[in-house]
Amino acid sequence: MPAAGPERLLRQAREVGAEELGRFCARISALLQAEDWGPDTLDALRRLFLIVAATKYSRRLDPTCVVLLQTALCSPRCPERLQLLCAAVLREMAPSDSLSLSCDHAQSSRQLGLVASVLLAQGDPQQVRTVGQCVIKVLESRQPEVPSLTYLLPVVSKVASLAPDAFPEEQTKALSKRLGDWLRYASIQQGTAHASGGFFSAPRTRQPGPVTEVDGTVATDFFTVLSTGQRFTEDQRLNVQAFSMLRAWLLQGGPAHPGAMDSDDRSELEGSTVSVLSAASTASHLLPPAEWLREKALEYCQRLLEQSGRRALRKADSGLQKACLVEAVLVLDVLCRQDPSFLYRALPCLRALRTRLCGDPACVRALLPIAQFFLHHGEAAAVDADAVCQHLFTRIPSEHFHSPMLAFEFVQFCRDHLLLFGSNLDLLRTSFPSLFKFLAWSSPALTSEFVALLPALVDAGTAVEMLHLLLDLPSLTAALDLQLRLSQAASERPLWDVSVRTPGCLEALRDPQAQGLFQHLLRAKASGTTERLTPLHQLLQPLASCARVVQCAQAVPTLLRAFFAAVTKFADGALASQLALLLLERSDSLFQVEGYEADVHRVLSSQFPALCKLHPSMVVERAKELLEFVSSLGGPRSTGHMLTSVVWAIGEYLSVSWDRRCTAEQINRFFEALEALLFEVAQSRPSATLPRCPPQVITVLMTTVAKLASRSQDLIPRVSLLLSKMRTLAQSPAAGPVHGEDDLGAICTRATELLNLLKMPSVAQFVLTPSVEVSQPRYHRDCNTALPLALALVSRLLEREAGFLPR
């Protein structure tokens with residue numbers, strides 16, 4: 001496997017002990033002290049970097065080695081590659097008390113950039129400001145711009161992000177002015193090649209040609225990051241770096257002047273034609289530095305939008321076009337938020353850009369920043385943000401669910417802009433089937449993101465349909481897999497494609513009867529209806545063992561917990577009852593992936609009592625459905641977690657203390673169903689198709705029938721006889737091979753306890769059917785309250801040695 005080599009190296013690096021690391025540091029120290037800059041030193045430093053970077057905790061290096069690493073970093077004779085490795089090792093050690101580096105030690109701007117990166121990694125605020133001042137002085141100097149200036153702009157950007165107040169106002173203005181110059185006035189001629197010494201090479205190097213566009217035509221406008229050439233000049237490199245830090249610098253700079261406009265003034269400016277004309281006619285050379293930078297940034301981004309529409313000759317340039325397009329739109333969004341007068345200058349090109357991109361699948365990622373722009377400025381620009389969001393939430397996930405990068409960015413976009421959606425939040429909620437396609441296809445990477453997003457997606461109107469889709473998520477993954485395969489020619493399918501070996505799966509989905517279910521599962525918006533997908537599950541079963549389907553099935557329990565955590569905060573009685581019935585209905589209609597049903601049942605069984613607690617009357621109101629669920633159980637289905645939780649809920653809430661509509665007739669019907677079920681599970685023998693019944697199921701059933709008898713005392717004789725049989729059955733030798741000794745002991749103990757309680761009906765009713773007040777936690781913590789006293793009294797009364805009751 002390709003990854004075996006790197007994984008083995010990482011494992012070896014993590015296993016290096018302190019003693020071995022000390023010997024290795026001594027070897028490196030000897031090489032550095034001898035100023036041996038050869039391949040042995042290069043290889044040793046690479047290994048040292050791997051060792052210190054492979055673990056989460058900081059490695060302790062020999063102090064002599066640390067000093068020599070710093071010396072090599074600042075030595076003018078040390079090769080650049082070795083200095084890069086020295087800086088990387090020192091950064092991995094941060095924070096460190098053994099550093100003696102200073103920006104004054106740097107001999108060149110390149111060294112200053114490396115030293116600054118080490119110092120910034122320490123995280124000391126004062127040191128960050130010191131580094132910022134040292135770098136900014138070099139940038140402010142009037143010396144000719146040597147190539148090493150390109151190493152300093154990343155340091156400036158990092159300092160500004162760590163300490164926004166590190167640069168005084170005058171320095172900020174000066175740098176803003178220079179950034180604007182680098183953006184707008186870089187050379188449009190290619191760089192000069194180094195002479196090779198040949199007779200014919202010298203004249204050619206003296207005549208560099210102009211830079212070109214990505215489509216190969218000669219550039220007629222100013223240089224940008226999308227301009228191409230064989231070699232680049234220093235100011236062209238600064239142009240590229242200035243654009244890379246532009247958005248962060250603008251965000252640090254804030255509004256155009258300290259007295260920023262309030263919202264009323266801004267809205268007036270946005271609607272003022274005079275302001276637009278004045279902004280357009282302002283002479284650039286009269287603008288303050290911050291506004292100068294904004295002006296040049298606007299021109300630069302508009303130029304990038306124009307360049308992004310050209311047909312690139314190289315694939316690498318095409319990818320660069322998309323990346324620059326995204327960044328340009330994000331910068332325009334910042335500019336328009338800081339100065340609304342830019343909105344009317346940026347709007348025409350952005351409208352045209354959106355129209356162009358909606359029909360270009362290759363540039364779909366750029367639609368996210370465009371949507372962000374219109375969410376911020378749609379009202380002021382009189383743009384219908386609903387149409388933008390409609391296309392974004394429905395078509396993009398449905399058509400591009402298989403793009404992992406787009407999936408992550410899309411979910412992040414939804415999380416970051418929940419407050420901006422406003423009325424469009426309902427559109428987002430009804431589009432959850434479309435969003436879940438991202439989740440189904442890339443579940444390992446997106447599970448945590450959707451756990452955070454689910455509370456915003458679910459509401460009373462979509463909760464039931466969303467729960468169905470969460471339970472069907474593995475089958476959605478399989479359906480998406482088939483959808484991709486159906487859209488490809490047989491020769492284009494990968495070799496591991498299961499459907500190549502079992503083409504019947506694809507043929508079955510072409511059946512008109514299956515098409516309806518298939519389209520329902522792949523819907524883009526909430527339909528308000530649900531479909532029983534069991535026939536579709538059978539068609540998709542050949543894909544149940546696919547790795548992507550299995551990974552999705554493993555993520556569903558976590559998503560279900562997040563769903564119920566959100567729903568229980570707003571669910572009323574009607575919704576809680578509806579969801580509880582859904583759990584019963586879906587407990588036996590899940591896509592058959594290995595281990596999936598058991599994992600889901602564990603979650604559903606823990607949530608069913610919680611829903612009953614929200615709406616205790618549910619047990620009386622839905623008595624018919626619960627009876628059907630209990631009566632239909634038997635064999636393998638009787639061993640599940642769902643049965644335990646349902647039976648417990650019946651025993652807990654089928655009482656007049658929770659609902660006055662509860663009748664003795666209802667209690668008798670439930671008792672007869674549970675009595676028959678208890679006999680069946682107790683006498684069943686495990687086999688290849690029938691797993692062993694857990695003792696928890698038996699003890700919960702016994703406790704529930706005892707609770708029902710305490711509420712309808714005519715049942716006490718029947719329950720006592722039933723419990724006696726259960727105790728006898730647990731003590732018989734025939735039960736040994738079925739249940740373990742501890743399990744049989746637990747069953748026998750529970751039966752004896754319940755029999756003793758039922759001998760005193762009034763006490764049994766108090767213990768097994770306590771009032772709401774007695775159910776409060778304090779009655780189980782305070783030894784002076786009624787319930788512990790009652791239990792202690794019953795225990796004493798029922799002891800054979802006390803002699804109060806006949807034996």
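A cavity, as I use the word here, is a set of grid points where a 1.4 Å probe fits but cannot get out. I kept that in mind while going through this model, which is predicted.

**Entry 1. Cavities**

I looked for enclosed space and found 8 cavities of 30 Å³ or more in the structure. I then took up the second largest cavity, whose volume is about 70 Å³. I listed its lining as Glu 465, His 468, Leu 469, Asp 472, His 520, Leu 521, Arg 523, Thr 529, Thr 530, Glu 531 and Leu 533. Two elements give two or more residues each to this lining, helix H25 (463-471) and helix H29 (512-521). The largest share comes from H25, with 3 residues. I sorted the lining of the second largest cavity by class and noted 3 nonpolar, 4 polar and 4 charged residues.

**Entry 2. Overall make-up**

I recorded 43 helices and 0 strands for the protein. Of its 807 residues, 49% count as buried. I also checked how far along the chain the contacts reach. Among contacts between residues at least 6 apart in sequence, 74% join residues at least 24 apart.

**Entry 3. The largest nonpolar core**

Which residues touch the most other members of the largest nonpolar core? I noted Leu 48, Leu 139, Phe 436, Phe 450 and Phe 563, in a core of 243 residues. Helix H31 (residues 547-567) gives the most to this core, namely 12 residues. I followed up Phe 563, setting aside its neighbours within four places in sequence. The contacts of Phe 563 are then Leu 454, Val 458, Ala 463, Met 466, Leu 467 and Leu 470. For background I wrote down that nonpolar side chains tend to be buried together in soluble globular proteins.

**Entry 4. Backbone oddities**

I went through two loops. In the loop between helix H5 (80-92) and helix H6 (109-121) I found Pro 95. The peptide bond that joins Ala 94 and Pro 95 is cis, with omega about -10°.

The other loop, between helix H2 (18-33) and helix H3 (39-53), holds Glu 35. Glu 35 is not a glycine, yet its phi is positive, about 55°. Is Glu 35 buried, exposed or partly exposed? I put Glu 35 down as partly exposed, because its relative accessibility is 38% and that class lies between 20% and 50%.

**Entry 5. Cysteines**

I searched for disulfides and the count is 0. I looked up two cysteines for their burial. Cys 324 has a relative accessible area of 6%, so I entered it as buried. Cys 662 is buried as well, at 7%.

**Entry 6. Gln 321**

I found Gln 321 in helix H16 (residues 315-338). Its relative accessible area is 6%, so Gln 321 counts as buried, the cut-off being under 20%. What is Gln 321 in contact with, leaving aside its neighbours within four places in sequence? I listed Val 214, Leu 226, Gln 307, Ser 308, Gly 309, Arg 310 and Ala 312.

**Entry 7. Ser 606 and Thr 644**

I took these two together. Ser 606 is in helix H33 (residues 596-614), and Thr 644 is in helix H36 (residues 641-653). Ser 606 is partly exposed, with a relative accessible area of 42%. Thr 644 is also partly exposed, at 22% relative accessibility.

The two residues are 38 apart along the chain, and I have 9.8 Å between their C-alpha atoms. I checked Ser 606 against His 641 too. That pair is 35 residues apart in sequence and 8.4 Å apart in space, C-alpha to C-alpha. Not counting residues up to four places away in sequence, Thr 644 touches Val 697 and Val 700.

**Entry 8. Arg 718**

I placed Arg 718 in helix H39 (residues 716-731). Arg 718 counts as partly exposed, at 37% relative accessibility. Which residues does Arg 718 contact, leaving aside its neighbours within four places in sequence? I found Phe 671, Glu 672 and Glu 675. For Glu 675 I also noted the spacing from Arg 718, which is 43 residues in sequence and 9.5 Å in space, C-alpha to C-alpha.

How values were computed: Residues are numbered from 1 along each chain as its sequence is written. This is a predicted model: local features need pLDDT of at least 70, side-chain atom pairs count only at pLDDT 80 or more; totals for chains, interfaces and linings use all residues. Side-chain values use heavy atoms; hydrogens and water are left out. Helices (H or I, at least four residues) and strands (E, at least two) are DSSP runs, numbered from the N terminus. Buried means under 20% relative accessible area, exposed over 50%, partly exposed in between (1.4 Å probe, protein chains only). On a 1 Å grid over the protein atoms alone, a cavity is a set of points where a 1.4 Å probe fits but cannot get out, and a pocket is an open set with protein on both sides within 12 Å along at least five of seven lines; lining residues have an atom within 4 Å of a point. Grid points are joined across faces, edges and corners, and a volume is the space filled by probe spheres set on the points. Ala, Val, Leu, Ile, Met, Phe, Trp, Tyr, Cys and Pro count as nonpolar, Asp, Glu, Lys and Arg as charged, and the others, Gly among them, as polar. A disulfide is a pair of cysteine sulfur atoms within 2.5 Å. Contact means heavy atoms within 4.5 Å. A nonpolar core is a set of buried Ala, Val, Leu, Ile, Met, Phe, Trp, Tyr and Cys residues joined through side-chain atoms within 4.5 Å.
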